[in-house]
Amino acid sequence: MGKKWGTLIAFGRTGQWLAGQKIASFQFLDGRSDSVVPKEEKPTKTKERFDYASAQGREGTKRIGGTYFNTEIDRTHPIGYGYTQKTKPVYRNHTLFVELGDQAYNNVAIYSKSPY
C-alpha cells in the first residue's frame with residue numbers, strides 16, 4: 001500500500017519549485033517554466049537583432065507588473081468554503097500559468113470568461 005499524502009497549497013513561483021523537485025507535477029502553459037521542461041525538449045532559440053530604442057517596450061510586454069484578474073470560485077470545495085460570492089478578484093505579479101488539472105474537482109478557482 002502506497003503512501004497517502006495530504007493537500008499542499010502553492011502560491012506564486014512555489015509551484016515551479018515543487019515541479020522542479022518532483023514533489024508535484026504541474027503542466028505550465030507556453031513552456032514558461034524551465035525547471036519542468038526537460039533539456040532535450042527545450043526549443044532552441046534563434047538569435048535576433050532589435051533596435052535599442054525598442055528595448056523598453058519590447059521587454060516590458062514580457063512582464064506583469066501587477067494586475068487583478070477575475071476568477072470563479074468553487075464554493076463547494078473545502079478550500080473555497082466560506083466564500084459568499086462566486087467570483088473573486090486575484091492579484092497577479094508573475095507570468096506563470098498552470099493548466100487545469102486532470103481531476104476536474106481539484107480546480108478550486110479558474111479565470112472567469114471575462115477575467116479583465
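**Exercise 1. Work out how strands E1 and E2 are joined, then build up the sheet.**

Let's start with the bridges: E1 and E2 are joined by 6 of them, and the two strands run antiparallel. Keep in mind that this is a predicted model.

Next, look at the other partner of E1. Strand E1 covers residues 67-73, and 3 bridges tie it to E3, again in an antiparallel way.

Now put the pieces together. The result is an open sheet of 3 strands in the order E2-E1-E3, with antiparallel pairing. Strand E2 (87-92) and strand E3 (109-111) sit at the edges, each pairing on one side only. From one strand to the next, the twist averages 45 degrees.

**Exercise 2. Place the sheet in the chain as a whole.**

Begin by counting elements: the chain has 2 helices and 3 strands. Then read along the sequence, and you get the pattern α-α-β-β-β.

Finally, check burial. The chain has 116 residues, and buried ones make up 16% of them.

**Exercise 3. Follow Glu-72: which residues stand opposite it in E2 and E3?**

Step one is to find its place, which is strand E1.

Step two is to look across to each neighbouring strand. In E2, Thr-87 stands opposite Glu-72. In E3, Ile-110 stands opposite Glu-72. While you're here, try Thr-71 too: its bridge partner in E3 is Tyr-111.

Step three is exposure. Glu-72 has 24% relative accessibility, so it counts as partly exposed, given that the partly exposed class runs between 20% and 50%.

Step four is a longer link along the chain. Pro-115 is 43 residues from Glu-72 in sequence, yet their C-alpha atoms are 9.3 Å apart in space.

**Exercise 4. Decide for Arg-92 and Lys-88: buried or partly exposed?**

Take Arg-92 to begin with. This residue is in strand E2. Its relative accessibility is 10%, so Arg-92 counts as buried, because buried means under 20%. Its side chain also makes a polar contact of 2.8 Å with the side chain of Tyr-111.

Now try Lys-88, which lies in strand E2 as well. With a relative accessible area of 30%, Lys-88 is partly exposed. For Lys-88 and Tyr-111, which are 23 residues apart along the chain, the C-alpha separation is 9.5 Å.

**Exercise 5. Say what stands out about the backbone of Lys-22, and where that residue is.**

Start with the angle. Phi of Lys-22 is near 60 degrees, which is a positive value in a residue other than glycine.

Then find the spot: Lys-22 lies in the loop between H1 and helix H2 (55-60).

Last, check the surface. Lys-22 has a relative accessible area of 72%, so it's exposed, because the cut-off for exposed is over 50%.

**Exercise 6. Describe the largest pocket and find out what lines it.**

First, a word on the idea. Rolling a probe the size of a water molecule over the atoms shows where empty space is left.

Now the volume: the largest pocket has about 2,000 Å³. Its lining is made of 43 residues, and those closest to the centre are Ala-10, Phe-26, Val-98, Asn-106 and Ala-109.

Next, ask which elements give two or more residues to the lining. They are helix H1 (14-20), E1, E2 and E3. Of these, E2 provides the largest share, with 4 residues.

To finish, sort the lining residues by character. You should get 24 nonpolar, 15 polar and 4 charged.

Definitions and conventions
Residues numbered from 1 in each chain as written. Predicted model: local features only at pLDDT ≥ 70, side-chain atom pairs only at ≥ 80, totals over all residues. Heavy atoms only, no water. Pairing = 2+ DSSP bridges. Axes fitted to C-alpha atoms, helices over the stretch in contact; angles between N-to-C directions. 1 Å grid on protein atoms, 1.4 Å probe; cavity = no way out; pocket = protein on both sides within 12 Å on 5 of 7 lines; lining within 4 Å. Points joined across faces, edges and corners; volume = space filled by probe spheres on them. Nonpolar A, V, L, I, M, F, W, Y, C, P; charged D, E, K, R; others polar. Buried < 20%, exposed > 50% of the residue type's maximum accessible area, 1.4 Å probe, protein only. Polar contact = N/O pair within 3.5 Å; in protein donor to acceptor, adjacent residues only side chain to side chain.
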